[in-house]
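This briefing goes through one protein model, topic by topic. The sequence and structure come first.

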Amino acid sequence: AGGIAACGAVTVTHSFETVKVRLQLQGELQARKDAPKMYRGVLHGMSVIFKNEGIRGLLRGLNCAYVYQMMLNGCRLGFYEPIRTHTNSLLLNRDFSHAHDPKATAMQNLPVNIFSGASSGIIGAALGSPLFLVKTRLQSYSPALPVGAQHQYRSAADGFSQIYRTEGIKGLYRGVV
């Protein structure tokens, strides 16, 4: 349910993130004085992308964003409670493995909760990292106004395939640490 809710949010925010990615990348491969400013801000960027690439340009990579959100938030929400319960049982020498045991859900320990939240978030982010990479590369691609390094993927699947063929599994997990 959390993953689906996140997909609803990303549907609304994805076009803004596309503009953000392009704003971040414009001029990255050129000297500052030689870099043309194609996007002067969020609203200008949205209008330029829409005018040159249509709604597809603003929503490029949305399918990857959906799967990434499902992965990230599904793991984050799904692993939190098992990690918390298991960590409580290890640290406090109590058996909290029984779901019907009220102590299992009642026991709260701030450091354990922080550890469990961080761990489940890290798992989700690590598993979703290749999706985020392909999504960002799809968003940055512009046939009309290229910025930064351009990766011309026909689809998300093509992006995964090209990265794997040229860079291997390490390429898919670039930046995960």
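The notes below cover the overall make-up, two kinked helices, the salt bridges, a few single residues and a surface patch.

This is a predicted model, in which local features need pLDDT of at least 70, side-chain atom pairs count only at pLDDT 80 or more, and totals for chains, interfaces and linings use all residues. Residues are numbered from 1 along each chain as its sequence is written, and side-chain values use heavy atoms, with hydrogens and water left out. The protein has 6 helices and 0 strands; helices (H or I, at least four residues) and strands (E, at least two) are DSSP runs, numbered from the N terminus.

**Overall make-up**

- Read from the N terminus, the order of elements is α-α-α-α-α-α.
- The protein has 177 residues, and 41% of them count as buried. Buried means under 20% relative accessible area, exposed means over 50%, and partly exposed is in between (1.4 Å probe, protein chains only).
- About 10,400 Å² of the protein is exposed, and carbon and sulfur atoms supply 64% of that area. Accessible areas come from the Shrake-Rupley method with a 1.4 Å probe; for residues, only the protein chains shown count as cover.
- Of the contacts between residues at least 6 apart in sequence, 69% join residues at least 24 apart. A contact means heavy atoms within 4.5 Å.

**Helix H1**

- Helix H1 covers residues 2–25 and has a kink of about 50 degrees centred on Thr13. The bend at a residue is the angle between axes fitted to the seven residues ending there and the seven starting there.
- The buried residues of H1 include Gly3, Ala6, Cys7 and Val10, as well as the polar or charged His14, Ser15, Glu17, Thr18 and Arg22.
- Helix H2 (42–58), H3 and H5 are among the elements that cover the buried residues of H1.
- Gly27 follows H1 and has a positive phi, near 80 degrees.

**Helix H6**

- H6 has a kink of about 105 degrees, centred on Thr166.
- Between its end C-alpha atoms H6 spans only 12 Å, whereas a straight helix of 17 residues would span 24 Å at 1.5 Å a residue. The expected span of a helix is 1.5 Å times one less than its number of residues.
- Buried in H6 are Ala156, Asp158, Gly159, Ile163, Gly168, Gly171 and Leu172.
- These buried residues pack against helix H3 (62–92) and helix H5 (110–140).

**Salt bridges**

- The whole structure contains 7 salt bridges. A salt bridge is a side-chain nitrogen of Lys or Arg within 4 Å of a carboxyl oxygen of Asp or Glu.
- One of them pairs Lys135 with Glu17, with the closest N and O atoms 2.8 Å apart. Lys135 is in helix H5 and Glu17 in helix H1, so this pair links parts of the chain 118 residues apart.
- Lys135 counts as buried at 1% relative accessibility, and Glu17 is buried at 18%.
- Arg22 and Glu53 form another salt bridge, with 2.7 Å between the closest N and O atoms. Arg22 lies in helix H1 and Glu53 in helix H2, so the pair ties together parts that are 31 residues apart in sequence.
- Glu53 also meets Arg60 in a salt bridge (2.7 Å, N to O). Both Arg60 and Glu53 are buried.
- Through shared partners, Arg22, Glu53 and Arg60 are joined into one network of salt bridges.

**Single residues**

- Ser120 lies in helix H5 and counts as buried at 1% relative accessibility.
- Outside its neighbours within four places in sequence, Ser120 is in contact with Cys75, Arg76, Phe79, Tyr80 and Ile83.
- Leu92 is in helix H3 and counts as partly exposed at 31% relative accessibility.
- Leu92 and Met107 are 15 residues apart along the chain, and their C-alpha atoms are separated by 10.0 Å.

**Surface patch**

- Leu127, Tyr164, Ile169, Tyr173, Val176 and Val177 form a nonpolar surface patch with about 630 Å² of accessible area together.
- Patches are made of residues with over 30% relative accessible area and no salt bridge: like charges are joined within 9 Å, and nonpolar side chains (Val, Leu, Ile, Met, Phe, Trp, Tyr) within 5 Å.
- Tyr173, in the segment after helix H6 (156–172), is partly exposed with a relative accessible area of 30%.
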